[in-house]
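Reader: I should be grateful for a close look at a single part of this structure. Please describe one helix and its surroundings in a connected account.

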Amino acid sequence: SAKNFYQAFKAFYQIFPNGKFAHFAANLAILESLPDDADTIRIFDFDIGEGIQWASLIEAIGHQCREVTLTSVKFAEGEDAAMDANPLTMWRFEDAKKQLSDYARSYGLKLMVDEVELADLVGELKNISNRKQGSSGRRQFLVFNCMVGLPHMGRVRSRRDVFEFLRASQNFLQL
């Protein structure tokens, strides 16, 4: 079954509306909140998975020639090992990164995809906050995306990790 995993995944995603609806609602909220004067968009995604959510957002903003950085929260070392043993989690970050970068390039969008450890996220957000206060002249719009437990995702994340991501996001927004 590993040979046709991708086709089965696509069929599951197309047939069951849970994932598509959740991704549509999240992307619509992002698009509606984008300020016209933002030079760059920085998206922090709790679980990029296979990156399927971001294709429609890339299409929507690609014609605006914006620069986008998509940062995925990296699994802890122990969770990666558990994922490798699970046949349902055949996706790897590098595969999603390459597919998204190629897709964005076809729309003329400059996309950078990277990973950050959950423990390092707070420091990363503090750096962004310090740069924001230093007025570099570039307007950056930040997005925090957290989807867990959708049927098509095929993996489980720790509740503790989810709450830590949400807490870091909330603390940043309160600055």
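Author: The model is a predicted one, and this account concerns helix H5 and what covers it. The buried residues of H5 have a cover that includes helix H3 (54-62), strand E2 (67-74) and strand E3 (110-117). Helix H5 itself takes in residues 93-106, which makes 14 residues. From its first C-alpha to its last, H5 reaches 20 Å, close to the 20 Å expected at 1.5 Å a residue.

Within H5, the buried residues are Phe93, Ala96, Leu100, Ser101 and Ala104. These residues lie on the same side of H5, because they cover an arc of only 125 degrees around the axis. The general geometry of helices is relevant here: an α-helix has 3.6 residues a turn, so residues three or four places apart point the same way. On the other side of H5, the exposed residues are Glu94, Lys98, Arg105 and Ser106.

One contact of Phe93 leads from the helix to its cover. Ser72, a residue of strand E2, is in contact with Phe93. Leaving aside neighbours within four places in sequence, Ser72 also contacts Asp45, Ile48, Asp114, Glu115 and Val116. The relative accessible area of Ser72 is 2%, and Ser72 therefore counts as buried, the cut-off being under 20%.

After the helix comes Gly108, which has a positive phi, near 70 degrees. In summary, H5 has buried residues, including Leu100 and Ala104, and exposed residues on the other side, including Glu94 and Lys98.

Technical notes: Residues are numbered from 1 along each chain as its sequence is written. This is a predicted model: local features need pLDDT of at least 70, side-chain atom pairs count only at pLDDT 80 or more; totals for chains, interfaces and linings use all residues. Side-chain values use heavy atoms; hydrogens and water are left out. Helices (H or I, at least four residues) and strands (E, at least two) are DSSP runs, numbered from the N terminus. The expected span of a helix is 1.5 Å times one less than its number of residues. Buried means under 20% relative accessible area, exposed over 50%, partly exposed in between (1.4 Å probe, protein chains only). The arc is that of the directions from the helix axis to the C-beta atoms. Contact means heavy atoms within 4.5 Å.
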